[in-house]
Structures are given as structure tokens and as C-alpha cells.
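Welcome to a short set of exercises on reading a protein structure. Take your time with each one, then compare your steps with the worked solution.

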Amino acid sequence: METAKRIANLGTENAFKVLAEVNKLKSQGKDIISFGLGEPDFNTPENIKDAGIKAIKENYTHYNPSEGLPELRQEIAKHISDTRKIKVDPEEVVVTPGGKPIVFFSMFALINPGDEVIYPNPGYPIYESIINFIDAKAVPVPIIEEKNFSIDVNYLESIITPKTKMIILNSPQNPTGGMIEKKDLQAIAELAIKHNIIIFSDEIYSGIVFDGEFNSIASIKGMKERTIILDGFSKTYSMTGWRIGYGIFNKDIAAHIANLGTNSVSCTATFTQIAAAEALRGPQDDSIKMAEVFKERSKLIVEGLNDIKGIRCLYPKGAFYVFPNVTEACKNLGFKDSVELQQYLLHEGGVAVLPRTSFGIKNKGEKEEYIRLSFATGNEAILNGLARIKKAIEGKN
Ligand code: PLP
């Protein structure tokens, strides 16, 4: 069967491929410690699970509106209004099966072929994939170690053209754990207003911040109107498998996004939405505790990585990822890039990590090598995994 031409442009999320490889190795009896997939190892808090079970028993098992249940949209509007200090109405909220469809739907609704979309690189791979899929031009803005894994605003300004329709921001960031400082958000907001650019602000890790407070570009004066916020429940409430997230749009755009929902998934599971409403309404202790545990683990993993010859690692500011520089390690081991190191660590070291290129093609002139480790895994696994990496890297010399 011949595929449509456009399908060749669709990328993927390598974390799922590595997961499949890890599962295959495990089924062959290999012992692998995985720092691969970005999902909390905690279970969904009990009050949320109970709400979901009760909802099923009460027959919240039918279709519901494509834009989401009114009671959940109401809770989300209140949550975003409180946390971002802007006024959000329930009509501006669209609920989707996970935060991910918000990327897809927003691009479909707002970007024409040939439009330019600036996206963080390295970054969540779905941005680049969807931009290419819809025949827009993917313009990477480097996320660099020297800037503490933030954006160089002067560089960002230099790549804006009359065709730039959207800038994607992600803070705290996957895969680096970096955050965009308030003053940089201010400068980016000024650029967006000056050049009439939409900001797509992926705030899925806003509940996992280690130092200081989370800042949204939507909170800056004049920005709410031109910002799309992506957020959800997967990371903050450990609800990855429930598949629920949302976007905040102006009302007109929200209607188009909901219609894309009607045309594709119909709606988000009804009982899942009842559970999500409980997540926002109920006690926040479990979610706060998870973020604290992630902060402790971030110290453990960074210290361990910095103790390995040829690895240099910055402390993440949020999310649950570290992005160590492994250039020296690759050189010492005679590997051409982080893909070779990743394969070596997986097959010889028994440790799954992701290489730099799982998060976008390398930027022009980029010479350094990196890997991503997700520390959404227990302390024991972190310590054992670090010991394996150390042995694999230092033992080979
Ligand atoms: N945005 C970023 C930056 C992510 O890392 C992820 C998940 O890994 C998502 C969005 C999507 O999350 P969800 O599982 O809610 O679809």
C-alpha cells in the first residue's frame, strides 16, 4: 500500500522506541535500569483514583462535549487564573486526551504551509515533528548549556522574519531541566508583540519547579491574548496513563480546537475528567511532595554524574530530567556521538538513556554531545544506574 507523501515528514518520540528496545531486552532476561521515559514513578494519588472509580460506578462512561466537561473546564479556568494571575474563562479551556494533542491541534488550527515556527532545540521532539508534518518551516532556537539551558534572546530576535507565525516555549524544559528567566520572558514578550507572533507556551512541568517560582509568559501584560498555554495532569499528578491535558486559547480559537477534537477523538474520557477535577479541587499534598522528592533526586543524580570521568552536568531547575555534557566521555571511549554512547550504555552497561538527537537535529555548529536521563525513578535505581554508568565509562579505559 502506498502511503501519502505527508507521512514521510512525521517524526516520532524516540523515548517510546527506546522503551520498546528496553522491554525487548528485559524479555530476553537482561537486567536494564531505565532513565529513559519521562513519566513519574509515583502512582496517581488515592483521592484522584477514588474519584475516577466512583465516576465509573456512577456511569460517567458516555460521550461528553469535545471541549470537555463544564465542571472540569471551570476548575481549570480557576486554577490557571490563580496560578498565572490572569483572568481565564471556562470557554477558553479545551480538554484533550493528554497535553500532547494540544501541540497537534494548535498547529493545525493556526499554522499555514510555509509559515515559520520557532521551536526549542534540543526540545520535546513532537514540536519539530508536527511543524514538518504540516509543511511549515521548523526554525530551531538553540537551548544552550552556557545559558543554563535557556534561550539567547538576541539570537531569537535574529531568526525572526516576516513569516514567523509562532514561537514555542517550554519552561521548565524537556530534555534539559532548564527554565527561562523572568527577564528573558519579558524580552520575548516584547518581541512577540512587536512582530505580532503567537506564543505557544508548554507549561506541562509548571508544577515541578525546584528553586523560586514558576513564571508564565501569559502573565505579562498584553500577552494573554497572544499566548496558548499547554498544561495537564500527566506530570504534576502522576496521571500519564489516564490521558488528560488541556490548552488555554482565546474563545474563537478554542472553538476550532474543540472541532479538531470532534473530528479526531470525539472527546476525552468522561470519568478521567471527573478524576482530573478532583486533582485540582482536592488536597495538593501528594503533588507537592512529589516535586520535593524530584528536587532531592536531582541533587543525587547530578552529584553522581559529575563524579564520572568525562561527564559534566548542570543542576536542573525543574521537570525531572538532567542533560549532562558527555563530549569528553565520548572522546575517551572513541565514540563518534551520543548515539554510540547510548547504545553502549544500553547493551554493555545495562542502562537506558536517550541521546541528544532524540530531541531534534543538531543545531548549526553544535559540537558538544549530550544524553538525557529522566530521574523519575527511585533513589536505589538512580544509585545503581549511576554505578553502572561509571563502571561502563571508566572501566573501558
Ligand atoms: N510537553 C512536554 C514538554 C512533554 O515532555 C510531554 C510529555 O512528555 C508533553 C507535553 C505531553 O504530555 P502528556 O502525557 O500529557 O500528553
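**Exercise 1.** Which polar side-chain atom lies 2.7 Å from an oxygen atom of the ligand?

*Solution.* Before starting, note that this is a predicted model, where local features need pLDDT of at least 70, side-chain atom pairs count only at pLDDT 80 or more, and totals for chains, interfaces and linings use all residues. Residues are numbered from 1 along each chain as its sequence is written, and side-chain values use heavy atoms, with hydrogens and water left out.

Step 1: The atom belongs to tyrosine 205. The pair fits the rule for a polar contact (N or O atoms within 3.5 Å).

Step 2: Look at the backbone too. A polar backbone atom of glycine 99 is 2.8 Å from a ligand oxygen, and a backbone N or O atom of lysine 100 is 3.0 Å from a ligand oxygen.

Step 3: On its own the ligand exposes 390 Å², of which the protein buries 94%. These areas come from the Shrake-Rupley method with a 1.4 Å probe.

**Exercise 2.** Describe the shell around the ligand.

*Solution.* Step 1: Count the neighbours, taking residues with a heavy atom within 4 Å. There are 13, and the closest are Gly99, Asp202, Tyr205, Ser234 and Lys235.

Step 2: Sort them by class. The shell has 4 nonpolar, 5 polar and 4 charged residues. Here Asp, Glu, Lys and Arg count as charged, Ala, Val, Leu, Ile, Met, Phe, Trp, Tyr, Cys and Pro as nonpolar, and the others, Gly among them, as polar.

**Exercise 3.** Which helices does the salt bridge between lysine 194 and glutamate 157 link?

*Solution.* Step 1: Recall that side chains of opposite charge can pair when their charged atoms come close. The rule asks for a side-chain nitrogen of Lys or Arg within 4 Å of a carboxyl oxygen of Asp or Glu.

Step 2: Check the pair. Lysine 194 and glutamate 157 meet at 3.9 Å, N to O.

Step 3: Place the partners. Lysine 194 is in helix H7 (residues 182-195) and glutamate 157 in helix H6 (residues 153-159), 37 residues apart. Helices are DSSP runs of H or I with at least four residues, while strands are runs of E with at least two, numbered from the N terminus.

**Exercise 4.** Find some unusual backbone angles.

*Solution.* Step 1: Most residues other than glycine have a negative phi, and most peptide bonds are trans.

Step 2: Serine 171 and proline 172 are joined by a cis peptide bond, with omega about -5°. Proline 172 lies in the loop between strand S6 (164-170) and H7.

Step 3: Asparagine 59 has a positive phi near 70°, in the loop between helix H2 (46-57) and helix H3 (70-84).

Methods:
A polar contact is a pair of N or O atoms within 3.5 Å; within protein, one must be able to donate a hydrogen and the other to accept it, and residues adjacent in sequence count only if both atoms are side-chain atoms.
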